[in-house]
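Student: Please take one loop in this model and go through it slowly, then show me how the rest of the chain compares in kind. I would like one connected account.

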Amino acid sequence: MAAGSVLVIGGGIAGVQAALDLANSGFLVHLVERTTSIGGKMSQLDKTFPTNDCSACILSPKLVECGRHFNINLLTLSDLVSLDGGPGSFKAVVRQRPRYIDPEKCIACGLCAEKCPKKVSNDFNMGIGERKAAYLSYPQAVPLKYALDPGHCIWVNKPGRCGLCAKVCPAGAINFDDTVKEHVLEVGSVVLALGFSRYDPSPLDFTGYGRLPNVVTSMEFERLLSPSGPCMGHLERPSDHREPKRIAWLQCVGSRDINRVGHPYCSSICCMFALKQAVIAKEHAQGEFESAIFYMDMRTHGKGFENYYNRAKAEGVQFHRARVHSVIPAPEDSNNLQLRYVDEQGQVNFAEFDMVVLSTGLQVYRHTVELATMLGLELDVDNFIKTDSFNPVATSRPGIFVCGAASEPKDIPQSVMEASAAAAEAGQIMAPARWSETSKKVYPAEMNIHAQAPRIGVFVCHCGINISSVVDVEAVAAHAKNLDGVVFSQCNLFTCSQDTINQMVSIIKEQGLNRVVVASCSPRTHEPLFQETLRDAGLNQFLFEMANIRDQDSWVHQQEPEKATAKAKDLVAMAVARVRSEGALPYNTVPVTKSALVIGGGVSGMTAALSMAEQNYPVTLIEQSDFLGGNGRKVYRNWKGDKFLPFINELSARVTTHPQISVKLNTEISDVTGSVGKFTTTFNDGHSFEHGVAVMAVGGKAYQPEGQWQFLYGINPHVQTLLELDKRFIDEDASLKEVKQAVFIHCVGSRIPERPYCSRVCCTHAIDSAVRLKELNPDMDVFMLYRDVRTYGQRERLYQEARAKGILFIRYDLEHLPQVTDKDGQLVIHAHDPIIDANIIIHPDMLVLATAVQPRQQTGVLSKFFKCAVDSQGFLLEAHMKLRPVDFATEGVFLAGLCHYPKPMEEAIAQAKAAAARAAIILAYDAVPAESVTAVVTAAKCTGCGLCVAVCAYNAVSLDENGVSVVNTSMCKGCGACVAGCRSDAVTLKNIGNEQIMAAVDAAFM
């Protein structure tokens, strides 16, 4: 039988996500990280785009969960040195370097670092500032254990000297005799989440990097912005610590450069990285501030990215489509910088700035190449780990999977998706051994508080400067001490960090607290973490309230600190008033129906179905049409040249013949009842199906050109869309070889006020189609009329190939739309070329329109059945853009493919596998937690009117034989519709009744 454990290499966000998915679905995980703590690059970020969420805030709960998980064996300062065997039975040898501080004894007091005399460059802060040889990487580090730097520790290098850390350590944790350890692990599969390195721009002398102190890289600037960085979030330039008033960002430093850098690919994230920093820097600045971005193409191709781009323009960020020739000291102030650049018309310009930020590209780590070589993995031409177009997380060695930027530059959501996809692939191999090597967490017995007076503890979070830069948190904590029932109140730098969580458990026990209030950020991301902490301390998790003094206070009242502080006091007082009268609630569960429903028979739906079926879960796959394959059948090939139809036909055959998959064609949904673990879905044929989870993969559709975007489509037969051209490629239309001149128009229906998003796939699809035409007829003239070329990642090679083949690219903007007319059946296109600043006329034989991808109309209807949300454009809305990209806020329902957002097939496949992995976490259990905050009926008040039954969306309320309302708590979701509908005040919600609500209201006005 396969081993029931898995090896995950790399502790960044991708590795953490893969580890959590696997551990939560029944496998023991050995998580190996080279450094002293997990978190990776994301832990170094200030904010994340496009939501401007605090990176540490949204990452910390996952890190803490990972660090305290019973089924994750965390091995820091460790490297994989050998791997033998194959899928299901690998033997891994992991070498762990000495920490020199015993993690079992270290209490993270920091005295060792305080007394250490040796200062070294702070690598976590990208070399800005110093740290000690005894150090903690960052305040929220997991594990929160100090380490000694062996390269700089005086005692380690010269035994007998110094040793101050050992003298002051109150726990006796210093261990100078610590040695290398080797761990031999038997695992069923391996997941590589090796992350990425940033390009070092030192060799590019024109940037001034390394010579001019106010030229910094984007990651260095990120640390300057961060509340935990060297400036504590107060923006300062390195040379004189003065606040900069003018900052320039230079794009594509280390990317899209085949001459000096040798990295021809696009690094995918840099444009959004610069946009975010330009917007955030303005928020940090006191008074007037100017920001300018110098770029070739703005590649804002992800979900919500184009809106962020538009926001940046509206907020005054300047954009210069230009190449910077040199960065030199300004003539009048040597601390300032002068940029010499050439604009789109070839004119030389000069501009002065206080700082320059280099948007440096992504590249593989040197140790990634070394590890891949040791494992026998195939690398691509850019030294990324090579994957398959139709299995984007599989490496060339069976049983070893890869996720994140080790296989291609990508941003956080795509890395998280791939992490879950890799977990799904690993889970398929080890499915027979599920739960064979895991342990079960046992909570301490809960305190019975029934007869106790309230003893409330209040924990107020600085959140770095996210809260404390606006709100006087010490004053809020002091105010809380005087509130009725509060016996303990304190401030914490980061309440969600591992040391504060551990401290909270101790304080609850020592102070005899029986209720807890945390004043920090959003309960949407952090409430489960704090509720788990209460359970660890022996308290019922529902004796807890959060006061959101960040999202609802400091973020929205940045210019009113006194009022914000007063509001924070009120929010805390309201939370205290609510929790004072709350009681312990039962931990309800609902049995899991171990089967899945997949809606949509395209590539995403079939992939999700097959992934769950391969883990031995029954799946019903429904498709509204009479065939499987969806939009994929309409596309000729991907950018690598791999044809779609052979893959889709093979996938369809595997799905239709799989014993665990039931396929229902010409089927739609007419009704859905129930919730996570126990859904009942009724189809249009009248049949019903019970299932524990659902995956929505209902696809998208192509925009049909109309209005100013019609360009004679449907009028002149020589105008067609990309998909119509694909059909001609698939049919091997011989007449295509006779075309002498072709024109492609990009962004038809995309990036406009009606659809303010980039459709992500169109640039690549159009350029590949143009390359295919040149393959058929090398003498053909091909013109691309574009707004920004968005061949992100390694697709940039396709753009370079197109230009090498002589395909001409002419940029247009919304003020200069191409004009298409018909002159005696001949197409005539008028366009403006900004390079030569002249109007041009083209007489093509064929015009191809790269049209937008839209959500299907039925997407919104289906979302209502499952109580899921859609965004303003009609795409399905995930629970969290960064860290829950395949989950809905509705538990037990997941999404994949074009219904989420336009994406190429390899990304849709990864998302489908990710959805399957997330669904498997539920299907792996016999029962899952159900809502504890449920409705309760006072029978004496009930009049039996039945209105509560009518308004309940979950069929959880019924009338008994006496005509009295009864609530089925296993089905109730605590939405409160019945409470609002009850005319006799007979229905209330546990812990959210009139008593708690009116207590909070009274507290707000006291």
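**Loops, helices and strands**

Tutor: P143 lies in the loop between β10 (134-135) and β11 (147-148). In this predicted model, local features need pLDDT of at least 70 and side-chain atom pairs count only at pLDDT 80 or more, whereas totals for chains, interfaces and linings use all residues. Residues are numbered from 1 along each chain as its sequence is written, and side-chain values use heavy atoms, with hydrogens and water left out. Helices and strands are DSSP runs numbered from the N terminus (H or I, at least four residues; E, at least two).

The point to look at in this loop is the bond that leads into P143. The peptide bond from V142 to P143 is cis, with omega near 0 degrees. A cis bond also leads from F49 to P50, again with omega near 0 degrees. P50 sits in the loop between β3 (47-48) and β4 (53-54). One more loop deserves a look for its backbone. Between β8 (119-121) and β9 (130-132) comes the loop that holds M126. M126 is not a glycine, yet its phi is positive, at about 60 degrees. Most residues other than glycine have a negative phi, and most peptide bonds are trans.

Next come the helices. Helix α7 (residues 270-284) packs against helix α8 (residues 305-314) at an angle of about 40 degrees, and their axes are 10 Å apart. The pair α7 and α8 is therefore oblique (neither under 35 degrees, nor over 145, nor 65 to 115). On the α7 side the contact (heavy atoms within 4.5 Å) is made by M272, L275, K276, V279 and E283, and on the α8 side by F305, Y308, Y309, R311 and A312.

Another pair of helices lies further along the chain. Helix α16 (residues 603-613) packs with α17 at about 40 degrees, with their axes 10 Å apart, and α16 and α17 are therefore oblique to each other. From α16, the residues V603, M606, T607 and L610 take part. They meet F647, I648, L651, S652, R654 and V655 of α17.

Helix α17 also has a place between two strands: the chain goes from β31 through α17 (residues 644-657) to β32. Strand β31 (residues 619-622) and strand β32 (residues 661-664) run parallel and are joined by four bridges (two strands pair if DSSP finds at least two bridges between them). To find one bridge, start at L621: the partner of L621 in β32 is V663.

The last part is a sheet of three strands. The sheet is open, its order is β19-β20-β21, and its pairing is antiparallel. β19 (323-329) and β21 (348-353) stand at the edges with a single partner strand each, so one side of each has no neighbour in the sheet. From one strand to the next the twist averages 25 degrees. The antiparallel pairing of β19 with strand β20 (residues 337-342) extends over six bridges. Within β20, Q338 is the bridge partner of I328.

Strands of a sheet pair through backbone hydrogen bonds, either parallel or antiparallel. To trace both senses here, follow β31 and β32 for the parallel one and β19 and β20 for the antiparallel one. Then return to V142 and P143 and look at the cis bond again.

Note on methods:
Axes fitted to C-alpha atoms, helices over the stretch in contact; angles between N-to-C directions. Right-handed = clockwise from strand over helix to strand, strands pointing away.
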